[in-house]
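I'm opening a notebook page for this one. I'll jot down what I look up as I go, one stop at a time.

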Amino acid sequence: MKTLAVIQTLARIGRVICKVLFVCCIVGFCLCLAGVFSLALGAETFKLGGVTVRGLIENNGGANQPTVCAKLIVGAILCAAEAFLSKRAGSYFQNELADGTPFTLRGAKELMNLGILTAAVSLGAVILCSIGLSIANNAYPGLDELSLDEYSSVGVGVAMIVLSLLCRCGAEMLEEKSEEQKTE
């Protein structure tokens, strides 16, 4: 049962990481929206030695206002998607800790759903951002150069689905063993 203790410790760590990630994603989402609104309103509130932060970004960062705005909107969408997924993952870890083992049918089903959601939500967020960038590229050429390749977690979702099948297999084997012991 040494391995089960390790799994439970990892589940506790996962639950804490999910809480921290959720808070970070909410903060990131709010900061991205604040940045979009400040750019839209033309706020020049942040100055460093007489130079505005907007001027630094445009001159040294090589990004104009539409590009920065597009990056902030993409960031907000991706933060919202990750906040949703981290909340669901935290719920899974909480339930797994309450069960005391990952080898339950309910836990395997929840992990399967989490895997499907991870693949679908991350892919959906990337597709939504790609469509938005393509539309905005008509008005502001150059936005289609923003890369979204590394933001999809389809592979992680598929791995979760495979793990859920292993957990279901373990739960079924435990049930069979329990039934065999009852009949003896």
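**Entry 1: starting at Q8**

I picked Q8 to begin with and found it in helix α1. A quick reminder to myself: this model is predicted. Is Q8 buried or exposed? Its relative accessibility is 9%, so Q8 counts as buried, the cut-off for that being under 20%.

Next I looked up what Q8 touches. Leaving out neighbours within four places in sequence, I got E96, L97, G100, T101 and P102. I also checked the spacing to P102: the two C-alpha atoms are 8.6 Å apart, though 94 residues separate Q8 and P102 along the chain.

**Entry 2: stepping back**

I wanted the overall layout before going on. How many helices and strands does the protein have? I noted 5 helices and 2 strands. Read from the N terminus, the order of elements is α-β-β-α-α-α-α.

Then I looked up burial for the whole protein. Of its 184 residues, 32% are buried. I also looked at contacts between residues at least 6 apart in sequence, and 79% of those join residues at least 24 apart.

**Entry 3: helix against helix**

A note from general reading: two packed helices are described by the angle between their axes and the distance between the axes. I went through three pairs with that in mind.

My first pair was α1 with α3. Helix α1 covers residues 2-41 and helix α3 covers residues 65-99; their axes are 7 Å apart, at an angle of about 155°. Angles over 145 degrees count as roughly antiparallel, so α1 and α3 get that label. I wrote down the handedness too: α1 passes α3 in a left-handed crossing. The residues of this contact of α1 with α3 split into 24 nonpolar, 9 polar and 5 charged.

Then I turned to α3 and α4. Here the angle is about 180° and the axes are 10 Å apart, so α3 and α4 are roughly antiparallel to each other. For the contact of α3 with α4 I noted 17 nonpolar, 4 polar and 4 charged residues.

My third pair was α4 with helix α5, which spans residues 154-183. The axes of α4 and α5 come within 8 Å and cross at roughly 170°. That makes α4 roughly antiparallel to α5. The contact of α4 with α5 has 16 nonpolar, 5 polar and 3 charged residues.

**Entry 4: nonpolar cores**

Why look for cores at all? In soluble globular proteins, nonpolar side chains tend to be buried together.

Which residues make up the largest nonpolar core? I listed 9 residues: A70, V74, L78, A81, A125, V126, C129, L133 and L148. Helices α3 and α4 each supply at least two residues of this core. I zoomed in on V126 and found that V126 touches L148, Y151 and S152, residues up to four places away in sequence not counted.

There is also a second, separate core of 8 residues, including C18, L111, L114 and C167.

**Entry 5: two residues in α4**

I followed L111 from that second core and found L111 in helix α4. L111 counts as buried because its relative accessibility is 8%. Skipping residues up to four places away in sequence, L111 touches Y92, M160, L163, S164 and C167. I checked R168 as well: it is 57 residues from L111 along the chain, and the C-alpha atoms of L111 and R168 are separated by 9.7 Å.

Then I looked up T118, which also sits in helix α4, residues 105-139. With 6% relative accessibility, T118 counts as buried. Which residues does T118 touch, not counting residues up to four places away in sequence? My list for T118 reads L85, S153, V156, G157 and M160.

**Entry 6: out in a loop**

For my last stop I chose P141, in the loop between α4 and α5. Buried or exposed? P141 is exposed, because its relative accessible area is 68% and the cut-off is over 50%. I also looked at T67, which is 74 residues from P141 in sequence. From C-alpha to C-alpha, P141 and T67 are 9.4 Å apart in space.

Terms used
Residues are numbered from 1 along each chain as its sequence is written. This is a predicted model: local features need pLDDT of at least 70, side-chain atom pairs count only at pLDDT 80 or more; totals for chains, interfaces and linings use all residues. Side-chain values use heavy atoms; hydrogens and water are left out. Helices (H or I, at least four residues) and strands (E, at least two) are DSSP runs, numbered from the N terminus. Buried means under 20% relative accessible area, exposed over 50%, partly exposed in between (1.4 Å probe, protein chains only). Contact means heavy atoms within 4.5 Å. Axes are lines fitted to C-alpha atoms, for helices over the stretch in contact, and angles run from 0 to 180 degrees between N-to-C directions. Angles under 35 degrees count as roughly parallel, over 145 as roughly antiparallel, 65 to 115 as roughly perpendicular and the rest as oblique. A crossing is left-handed if the near helix is turned anticlockwise from the far one by less than a right angle, and right-handed if clockwise. Ala, Val, Leu, Ile, Met, Phe, Trp, Tyr, Cys and Pro count as nonpolar, Asp, Glu, Lys and Arg as charged, and the others, Gly among them, as polar. A nonpolar core is a set of buried Ala, Val, Leu, Ile, Met, Phe, Trp, Tyr and Cys residues joined through side-chain atoms within 4.5 Å.
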